[in-house]
Amino acid sequence: MARKIASDDSRPSADGRDDLNILHPERIIRVAGREVTVREYGFMQGLRIAAAAAPIIAELADAAERSLDVELVLATLAAHPAELVALIAAATDLTPAQIEALPDDEGQLLLLTWWAVNAPFFVRRVVMRVAPRLAAAPSAGATSSPSSSPSATTPSDSSSIPAGS
C-alpha cells in the first residue's frame with residue numbers, strides 16, 4: 001500500500017507559488033536600520049546598467065580564462081567602487097550615499113547578498129565574452145594522428161598479369 005511522504009519545502013511547489021521568486025529572486029536583509037530588498041536585474045535594467053557593469057565584466061572575463069574564485073571576484077568588485085555602488089543602488093532602494101555610509105559588516109552583507117542575487121547577470125556576460133576566445137584558441141593537446149594509414153602496396157602494372165587468368 002502506498003503512503004504519503006511529508007512534503008519537502010525546499011523544492012519548488014507544483015502550484016506555481018514559487019514562480020515569481022524563480023523569475024525574479026529577491027533577498028531581504030537588514031542594513032542601515034531597515035529592511036532592504038535586493039533585487040535581480042531585469043532585462044531592461046540590465047541594459048541601463050551595462051556601462052557601469054562593463055569594466056567589471058571585462059576583468060572577470062580576463063580572469064575566467066585562468067581561474068575564477070570568490071576572492072578574485074571580490075577583488076575585482078573592490079577595484080571598481082564607483083561602479084559597484086551604482087550597481088548595488090540599482091538593485092536596491094538605497095542611495096549611493098547610504099551605501100557608502102554603511103559600516104563594514106553591513107556593507108559586506110549587502111555586497112555578498114547583491115552578488116548572490118545578481119551573479120547570473122555577470123556570469124552570462126562573462127561566458128559570452130570568453131566562449132568565442134576559447135573556441136578560437138589553438139588546442140594545447142597532442143597533434144591528432146592522420147585519419148587513415150597510407151596505402152602499403154604499390155600499384156601493379158596490368159601488363160604483368162597473364163592473359164586469360
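Q: Before we look at the hairpin, what makes two strands count as paired?
A: Two strands pair if DSSP finds at least two bridges between them. Strands (E, at least two residues) and helices (H or I, at least four) are DSSP runs, numbered from the N terminus. This is a predicted model, where local features need pLDDT of at least 70, side-chain atom pairs count only at pLDDT 80 or more, and totals for chains, interfaces and linings use all residues. Residues are numbered from 1 along each chain as its sequence is written, and side-chain values use heavy atoms, with hydrogens and water left out.

Q: OK, so how do E1 and E2 pair, parallel or antiparallel?
A: Antiparallel, over six bridges, with E1 covering residues 26-31 and E2 residues 34-39. Arg-30 stands opposite Glu-35 in E2.

Q: And what's between the strands of that hairpin?
A: Two residues, and Ala-32 takes a positive phi near 55° in this hairpin.

Q: Switching to helix H7: is Thr-113 buried or exposed?
A: Thr-113 lies in H7 and counts as buried because its relative accessibility is 10%. Buried means under 20% relative accessible area, exposed over 50%, and partly exposed in between (1.4 Å probe, protein chains only).

Q: What does Thr-113 touch?
A: Leaving aside residues up to four places away in sequence, Thr-113 touches Arg-27, Ile-29 and Val-38. Contact here means heavy atoms within 4.5 Å.

Q: What about Ala-131?
A: Ala-131 is also in helix H7, which spans residues 104-136. With a relative accessible area of 40%, Ala-131 is partly exposed.

Q: Last one: where's Phe-43?
A: Phe-43 sits in helix H2, residues 43-48, and is exposed because its relative accessibility is 64%.
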